[in-house]
Amino acid sequence: MSARGAELRELAAAPAAPGARGLLEPPPGEEPYYRPVGDEVEVFTAAARDRLPVVLKGPTGCGKSRFVRYMAWRLARPLVTVACHDDLSASDLTGRYLVRGGDTVWQDGPLTEAVRAGAIAYLDELVEARQDTVVVLHPLADDRRLLPLERAGELVAAHPDFQLVISYNPGYQSLAKELKPSTRQRFIGIELALPAPEVEAEIVARETGVPLPTAASLVRVAQRIRPLRDRGLAEAPSTRLLVHAARLVQAGIDPAVACRSAVCAALTDDPELEATLAEIVAATLG
Ligand code: ADP
């Protein structure tokens, strides 16, 4: 077998890394609920109009994925989401040859699909991906808007509607896991800050159906826990955790129990810290 043949067979046998099979989703038919927290909708719209790639910055659970889905609806564009991880290779994004019934056929990866279809490509936590994977984005993220498919010998020009979006959690990354300036400086940064307490309560109530005062009391718990970040807590409680707690309340669970299960237990495995958090819950909810 030729070296090329062996390479193709090996590629075909290698399963795609998990998360790499991004599916092209049509634009959401219904408006996804998204409560803007600043001027992110306007900035994203302007960036998309000018074909500038976007980096969404914010902690986990602050609404980045929901925002992208909302923008896909607003701009009526298909969406491809890829959860990045340290095993993700450039081929997982761009595509590979597969052996099918004795033939070798090129199969576009999720990024290539998005580039051709004029979709929004959302690469979640891109910083987790290997550097040789990240550099694939460079010619796509500047005004060339090109995706080279080296193995297929093709240079794909991005569809005019193609929009590249990556997310980044600045608090979570270690120094070794920073995006290189050569990558960062190609992107328009949009910071998704934590919403004001009354806005966060509105989101929790709207997402789950709990009464607004109940949502507000869950937000108060989070507000008291958030300062513990960096004093033992690796992550502060996100809006997502409050939504989970509110869902339990909506299912008939006592709010303090709901907070302990959905918030405290999700934030730490350290029994002492968990006990401290439980005390905060009890003191806040009375
Ligand atoms: P991220 O992608 O930043 O980790 P998500 O977009 O998955 O976070 O948000 C987690 C959950 O929090 C969402 O499913 C939604 O219920 C809620 N959420 C957070 N922020 C908002 C917002 N601004 N508008 C609507 N829902 C929000």
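The ligand in this predicted model is surrounded by 17 residues, a residue being counted as near when its C-beta atom, placed from the backbone, lies within 6 Å of the molecule. The closest are Gly63, Lys64, Ser65, Arg66 and Arg240. Two or more residues of this shell come from each of α3 (64–74), α8 (197–208) and α10 (239–250), where helices are DSSP runs of H or I with at least four residues, strands are runs of E with at least two, and numbering starts from the N terminus. By class, the shell holds six nonpolar, six polar and five charged residues; Ala, Val, Leu, Ile, Met, Phe, Trp, Tyr, Cys and Pro count as nonpolar, Asp, Glu, Lys and Arg as charged, and the others, Gly among them, as polar.

The protein is divided into domain 1 (3–191) and domain 2 (197–285), with bounds from an automatic or database domain assignment. Because both domains give residues to the shell, the ligand lies between them. Their C-alpha centres are 32 Å apart. Across the boundary, eight residues of domain 1 are in contact with 11 of domain 2 (C-beta atoms, placed from the backbone, within 7 Å). The side of domain 1 that touches domain 2 has four nonpolar residues, three polar and one charged.

Overall, the protein has 12 helices and nine strands, and its C-alpha trace spans about 70 × 40 × 35 Å along the principal axes.

Residues are numbered from 1 along each chain as its sequence is written. As the model is predicted, local features need pLDDT of at least 70 and side-chain atom pairs count only at pLDDT 80 or more, while totals for chains, interfaces and linings use all residues.

Definitions and conventions. Two residues are in contact if their C-beta atoms, placed from the backbone, lie within 7 Å.
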